[in-house]
Amino acid sequence: MSDPRVRAARWAALACALLWLPGGALADEVAPGEAQAVIEKTVDEVLAILRDPARDAKTRRAALEDLATDRFDFRTMARLVLARSWKELSVPQQEEFVEQFQSYLANDYGNRIERYDQEQVEVMGARVEPRGDVTVKTKIVGGENSGALVDYRMRKQGVDWRIIDVVIEGISLVANFRDQFRDVMGREGPVSLIERLKEKNAAPAAGA
Amino acid sequence: MDAVRKAATLLLLPLPLLAPPAAADDREAPAPAVVQAGDAPGTRQGGTPGDPWEPMNRRVFAFNEGVDRWFLEPVATGWDRAVPEVAQRSIGNFFDNLAMPIRLANEILQAKPWRAYETLWRIAINTVGGVGGLFDPASHFQVYESDEDLGQTLGYWGVPSGPYWVVPLLGPSSPRDATGLAVGSTVSIVAFFVPIPLYVTAPTTAVDVVNDRAASLETIRAEREAAFDFYTAVRSAYTQYRENRVRDRADDEDDEDDGDDDEDLYYLDEEDGDE
């Protein structure tokens with residue numbers, strides 16, 4: 001909390017902000033707006049898919065997963081989730097892990113979203129994080145989870161803002177999986193971790 | 001007299017365990033007795049909650065899972081089929097409304113007058129307009145429910161949570177939050193002021209518990225399925241959730257500090273994080 005480096009960085013940031021107020025303010029304004037627009041657009045698209053009467057369960061699911069693949073940066077997520085252990089994987093293992101983790105998350109995301117068909121999502125605003133990511137804040141309105149806060153952590157990759165974490169009521173998806181994978185990596189190693197991901201993905205049990 | 005003794009037992013029970021978390025060595029989990037007065041108040045170490053009591057916790061967790069699987073979940077499933085959705089919601093509302101005075105007390109203890117005022121309104125609206133709390137008109141007027149409990153109040157005043165602790169039957173907690181739970185459970189508070197015999201409170205508590213469980217049948221099943229290691233998933237989620245609650249959900253304050261904690265979660269610094 002009171003890491004001197006952090007404090008120093010904060011003072012530096014403040015100093016910069018004071019010195020370059022016009023420039024800084026301008027740059028800040030552009031970035032969070034863009035990221036927020038991506039989330040707003042995604043929300044609309046998800047709702048449109050969920051409410052489209054022309055789709056059956058299968059095509060709806062496929063559409064949701066496609067959208068997820070487009071909006072999430074699964075590669076970054078996979079790396080963040082493994083954290084230090086990322087380097088313990090060989091390059092082919094890394095590729096395989098990203099691929100499996102991606103289909104796991106896309107599937108999981110599809111499951112979750114399908115349960116939320118009556119809710120509205122209100123986009124409340126965005127905040128720039130110290131190192132340039134943007135957190136877009138949303139709130140669920142209606143349904144069982146009315147009032148729940150869902151934050152999307154966004155990072156700019158090239159021209160696009162992509163989601164790198166979803167934080168529901170303070171519970172970060174990345175942190176949650178990092179904790180789980182750390183256990184598996186520590187006890188059983190990378191081969192077993194990838195195996196288990198595959199098993200999960202192959203299991204038919206997932207939802208409707 | 002009797003009440004005082006009851007309060008004392010409730011309060012003191014988990015208190016000896018309130019030692020701050022040991023500077024836990026990740027793998028070698030010491031037994032609870034070995035926990036020493038460490039220094040770090042936070043339980044997060046590089047993004048993980050420390051869990052010095054893990055071997056014991058895992059056993060209790062497995063026990064709780066067993067109870068849930070073989071008893072609570074089937075009962076709640078039956079309840080879910082038998083009781084119409086509207087009634088379930090009303091029962092939930094009723095117990096929520098009963099719990100409101102405790103939340104009010106905690107808001108006052110946390111020096112949050114505006115919230116306390118809002119909760120007071122909520123109680124008034126829902127008790128009168130909502131027919132004794134069965135309905136929730138307050139939410140329609142944007143008077144939302146807050147969720148302060150004694151564990152959060154203790155956290156607010158700097159009491160460390162202590163190590164992650166899975167309590168038999170009650171589930172994930174910590175010494176601090178379990179203290180709050182023991183004192184703060186709806187019925188125990190009511191029973192504390194009004195001499196209600198156990199054969200009345202026990203079934204009411206049961207209804208509250210089953211009704212609650214019925215509301216999350218789907219969610220819990222899905223989470224169990226999705227998790228790799230359900231124990232770790234729950235521990236991680238619980239710890240993050242409680243920390244966030246004590247910090248008071250990011251929207252309430254402008255959270256300068258918030259971002260800094262996150263940096264090691266979102267950047268792997270050894271390999272110059274950008275990209």
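**Notes on the two-chain model**

1. Starting with a backbone oddity: B:Val131 is partly exposed, with 13 other C-beta atoms within 10 Å (20 or more such neighbours would make a residue buried and 12 or fewer exposed, with C-beta atoms placed from the backbone). B:Val131 sits in the loop that links helix 4 (113-129) and helix 5 (137-140) of chain B. Its phi is positive, about 50°, although B:Val131 is not a glycine.

2. Before going on, some housekeeping. This is a predicted model, where local features need pLDDT of at least 70 and side-chain atom pairs count only at pLDDT 80 or more, while totals for chains, interfaces and linings use all residues. Residues are numbered from 1 along each chain as its sequence is written, and chains are lettered from A and ligands numbered from 1 in the order in which they are written.

3. B:Leu169 is another one to look at: phi is positive here too, about 70°, and again the residue is not a glycine. You'll find B:Leu169 in the loop between strand 3 (165-167) and strand 4 (171-173) of chain B. B:Leu169 counts as exposed because its C-beta neighbours inside 10 Å number 11.

4. On to chain A, which has seven helices and five strands (DSSP runs numbered from the N terminus: H or I of at least four residues, E of at least two). Along the sequence the order is α-α-α-α-α-β-β-β-β-β-α-α, so to speak a block of strands with helices on either side of it in the sequence. Of the 208 residues of chain A, 31% count as buried. Among contacts in chain A with a separation of 6 or more, 51% come from residues 24 or more positions apart (contact being C-beta atoms within 7 Å).

5. Helix 5 (residues 91-114) of chain A turns up in several packings. With helix 7 (residues 190-202) of chain A, the angle is about 30° and the axes are 9 Å apart (lines fitted to C-alpha atoms over the stretch in contact, with angles from 0 to 180 degrees between N-to-C directions). That makes helix 5 of chain A roughly parallel to helix 7 of chain A (parallel is under 35 degrees, antiparallel over 145, perpendicular 65 to 115, oblique the rest). Helix 5 of chain A contributes residues including A:Gln93, A:Phe97, A:Phe101 and A:Tyr104, and helix 7 of chain A puts in A:Ile194 and A:Leu197, among others. By class, this contact has six nonpolar, five polar and three charged residues (Ala, Val, Leu, Ile, Met, Phe, Trp, Tyr, Cys and Pro are nonpolar, Asp, Glu, Lys and Arg charged, others, Gly included, polar).

6. How do helix 4 (residues 74-82) of chain A and helix 5 of chain A sit: what is the angle? They pack at about 105°, with axes 9 Å apart, and are therefore roughly perpendicular to each other. A:Phe74, A:Arg75 and A:Ala78 of helix 4 of chain A meet A:Phe97, A:Val98, A:Phe101, A:Gln102 and A:Leu105 of helix 5 of chain A. The split is six nonpolar, one polar and one charged.

7. Helix 3 (residues 57-71) of chain A holds A:Lys58, which is exposed, with 9 other C-beta atoms within 10 Å. The axes of helix 3 of chain A and helix 5 of chain A come within 9 Å and cross at roughly 125°, so these helices are oblique to each other. On one side are A:Arg61, A:Leu64, A:Glu65, A:Ala68 and A:Thr69; on the other, A:Ala106, A:Tyr109, A:Gly110 and A:Ile113. Five of these residues are nonpolar, two polar and two charged.

8. The largest nonpolar core has 40 residues, and A:Met77, A:Val81 and A:Met154 have the most contacts inside it (a core is buried Ala, Val, Leu, Ile, Met, Phe, Trp, Tyr and Cys joined through C-beta atoms within 7 Å). Helix 5 of chain A gives the most to this core, seven residues. A:Met154 touches residues including A:Ala35, A:Val38, A:Trp161 and A:Ile163, leaving out those up to four places away in sequence. Apart from that core lies another, of six residues, among them B:Ala99, B:Met100, B:Ile102 and B:Ile123.

9. Finally, the interface: 28 residues of chain B are in contact with 33 residues of chain A. On the chain B side, helix 10 (217-226), helix 11 (230-247) and helix 12 (256-266) are the elements giving two or more residues. Helix 11 of chain B gives the most, with eight. That side has 13 nonpolar, seven polar and eight charged residues.

Key: Two residues are in contact if their C-beta atoms, placed from the backbone, lie within 7 Å.
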